[in-house]
Amino acid sequence: MPLIAAFPLFAAASSWQDGDRPYRYEVNLSWGGFPMLDALNFSGYDFLSVPDEVPCTPRSLADIYADYTGPSYSTGVISADFNIQFKKWFALGLQANFDGIWSSLHSSDTGERLGNCSGVAFSFLPYARFTYLNRPVVKLYSAVGLGIGAGYRKFDNNGWEETLVYPAFQVTPIGIMVGRRVYGLFELGAGTVYVGCRAGIGVRF
């Protein structure tokens, strides 16, 4: 992956000097967004081609008479980022993401809960960030990342389980940071990590 190949440049950032920018590094934590791909892979709404033994997965009109899933719940996407600012307009970062999804399976005859369908997913994305409005307190930017995702899902009633590995990508058309050393951030994005928005807090040093 081209972005991963660029990460050795991080070491060179330690010698980078810019009198107008006292902070070279950023660390932030954020939450939000809907994990679209993980919701498809790990909940009861997987309409993709899957083995017949996979529970919590409707496949045809006849399934209206089969056991059914209850509401699905998600933790939302929890993210941690580390960024290095190479230029006023350009930074490279590494993002780690986690989310969990679960729902219950019920008997179509009695309504009794048969078990839980659950899954967890992780992804790691190197990314490039481009800042097009750079003020001391407010920054507007876009970003694009490409990496890898992995997840585990199971149905605890019959012992069915599966591990998945898949490419991960994320595009942030617009993001905003407000603050100096300590800052808040808000982003709109789409990709395998999340669809929608996320918000968080970070620190520069």
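This passage walks through the fold, the buried charges, the cores and the surface of a predicted model.

Starting with the overall layout, the chain has 2 helices and 10 strands. Read from the N terminus, the elements go α-β-α-β-β-β-β-β-β-β-β-β, so the run that closes the chain is made of strands, going by how helices and strands are assigned and numbered. Of the 205 residues in the chain, 43% are buried. Contacts across the sequence carry a good deal of weight here: among contacts with a separation of 6 or more, 61% are between residues 24 or more positions apart. The accessible surface of the chain adds up to about 10,600 Å², and carbon and sulfur atoms account for 68% of that.

Now for the charges. The structure holds 5 salt bridges. One of them pairs Arg198 with Asp81, with the closest N and O atoms 3.4 Å apart. This pair ties together distant parts of the chain, since Arg198 sits in strand S10 (residues 195-204) and Asp81 in strand S4, 117 residues apart. Are the two partners buried or exposed? Both Arg198 and Asp81 turn out to be buried.

Arg198 also has a second acidic partner, Glu187, and in this salt bridge the closest N and O atoms are 2.8 Å apart. Again the pair links distant parts of the chain, with Glu187 in strand S9 and Arg198 in strand S10, 11 residues apart. Arg198 counts as buried because its relative accessible area is 5%, under the 20% limit. Glu187 is buried as well, because its relative accessible area is 6%.

Glu187 deserves a closer look. The residue lies in strand S9, which spans residues 182-191. Which side chains does the side chain of Glu187 meet in polar contacts? One is Tyr141, at 2.7 Å. Another is Arg198, at 2.8 Å. Leaving aside residues up to four places away in sequence, Glu187 touches Tyr141, Thr172, Ile174, Gly175, Tyr194, Gly196, Cys197 and Arg198.

Gln95 is another buried polar residue, and it counts as such because its relative accessibility is 7%. Gln95 is found in strand S5, and its side chain makes a polar contact of 3.1 Å with the side chain of Asn97. With residues up to four places away in sequence set aside, the contacts of Gln95 are Ser79, Ala80, Asp81, Ser123, Phe124, Leu125, Tyr127, Val193 and Arg198. Gln95 thus touches both Asp81 and Arg198, the two partners of the salt bridge described above.

Elsewhere, Glu162 and Arg153 form a salt bridge whose closest N and O atoms are 2.6 Å apart. Why do the two ends of this pair fall into separate classes of exposure? Glu162 is partly exposed because its relative accessible area is 23%, whereas Arg153 counts as buried because its relative accessibility is 6%; the line between the classes is drawn at 20%. Finally on this theme, Glu26, Arg129 and Arg204 are joined in a network of salt bridges.

Turning to the nonpolar interior, the largest core has 6 residues: Tyr25, Ile84, Phe86, Phe90, Leu92 and Ala128. A second core, separate from that one, has 5 residues, among them Val77, Leu125, Val193 and Tyr194. Some members of this second core come up again in the polar neighbourhoods: Leu125 and Val193 are among the residues that Gln95 touches, and Tyr194 is among those that Glu187 touches.

The outside has a nonpolar side too. Val27, Phe82, Val182, Ile201, Val203 and Phe205 make up a nonpolar patch on the surface, together offering about 480 Å² of accessible area. Phe82 belongs to strand S4 (residues 77-85). At a relative accessible area of 31%, Phe82 is partly exposed, and it qualifies for the patch because members need over 30%.

Leu94 is partly exposed as well, with a relative accessible area of 38%. This leucine is placed in strand S5, which covers residues 90-106. The C-alpha atom of Leu94 is 8.4 Å from that of Ala80, and the two residues are 14 residues apart along the chain.

Definitions and conventions. Residues are numbered from 1 along each chain as its sequence is written. This is a predicted model: local features need pLDDT of at least 70, side-chain atom pairs count only at pLDDT 80 or more; totals for chains, interfaces and linings use all residues. Side-chain values use heavy atoms; hydrogens and water are left out. Patches are made of residues with over 30% relative accessible area and no salt bridge: like charges are joined within 9 Å, nonpolar side chains (Val, Leu, Ile, Met, Phe, Trp, Tyr) within 5 Å. Accessible areas come from the Shrake-Rupley method with a 1.4 Å probe; for residues, only the protein chains shown count as cover. A salt bridge is a side-chain nitrogen of Lys or Arg within 4 Å of a carboxyl oxygen of Asp or Glu. Helices (H or I, at least four residues) and strands (E, at least two) are DSSP runs, numbered from the N terminus. Buried means under 20% relative accessible area, exposed over 50%, partly exposed in between (1.4 Å probe, protein chains only). A polar contact is a pair of N or O atoms within 3.5 Å; within protein, one must be able to donate a hydrogen and the other to accept it, and residues adjacent in sequence count only if both atoms are side-chain atoms. Contact means heavy atoms within 4.5 Å. A nonpolar core is a set of buried Ala, Val, Leu, Ile, Met, Phe, Trp, Tyr and Cys residues joined through side-chain atoms within 4.5 Å.
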